[in-house]
Amino acid sequence: MLRDSSLAGRLSDDTFLRRVDSALRARRVDELSGLLSDLPPVPGEGAGPGRHITVSWHHAELRRGGQAWVLVDLGSKNGTRVNGWRVDSGFTVRAGDRVSFGAAVFRLADPA
């Protein structure tokens, strides 16, 4: 929903990135409640018949390993991929990598 709201112009790039960062840092479900609460529904979206959720709450983790970031799939059904390659026990990621969680796709950016 964040991606679709950004593409539709309902979120600025900065707001989108801040919310994705907050989602990735969240450790409890209640920390996620405010990320979408002010957004109108995206046409054609919503829970209901025909809606397939491809990312679980515990899908993958991004861990700091020294100077690198490592993406680890947590046993998800729909898989985690980096640049098209399936990630299992861990994969070092860097700025520019394309990361997929089920049907959700992101490009990693260097915050500097």
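This is a short walk through one protein chain, from its overall layout to its sheets and its cores.

Hi everyone. Please keep in mind that this is a predicted model, where local features need pLDDT of at least 70, side-chain atom pairs count only at pLDDT 80 or more, and totals for chains, interfaces and linings use all residues. Residues are numbered from 1 along each chain as its sequence is written, and side-chain values use heavy atoms, with hydrogens and water left out.

Let's start with the layout. The protein chain has two helices and seven strands; these are DSSP runs numbered from the N terminus, with helices (H or I) of at least four residues and strands (E) of at least two. Along the sequence the pattern reads α-α-β-β-β-β-β-β-β. Of the 112 residues, 25% count as buried, meaning under 20% relative accessible area with a 1.4 Å probe, protein chains only, while exposed is over 50% and partly exposed is in between.

Now to the sheets. One is an open sheet of three strands, ordered β1-β2-β5, with antiparallel pairing; two strands pair if DSSP finds at least two bridges between them. At its edges stand β1 (60–65) and β5 (91–93), each with a single partner strand, so one side of each has no neighbour in the sheet. Six bridges link β1 to β2 (residues 68–73) in the antiparallel sense, and Glu-61 sits opposite Val-72 in β2.

The other sheet I'd like to show you is also open: four strands in the order β4-β3-β6-β7, with antiparallel pairing. Here β4 (85–87) and β7 (104–107) are the edge strands, each with a single partner, so one side of each is left without a neighbour in the sheet. Strand β6 (residues 98–101) runs antiparallel to β7, and four bridges join them. Phe-101 has Ala-104 in β7 as its bridge partner.

So what fills the largest nonpolar core? It has six residues: Leu-71, Val-82, Val-87, Val-93, Val-99 and Phe-101. A nonpolar core is a set of buried Ala, Val, Leu, Ile, Met, Phe, Trp, Tyr and Cys residues joined through side-chain atoms within 4.5 Å. Apart from this core lies another, of five residues, including Leu-2, Phe-16, Val-20 and Leu-39.

Finally, take a look at Val-82. Leaving aside neighbours within four places in sequence, Val-82 is in contact (heavy atoms within 4.5 Å) with Leu-71, Val-87, Phe-91, Val-93, Asp-97, Arg-98 and Val-99.

Thanks for listening!
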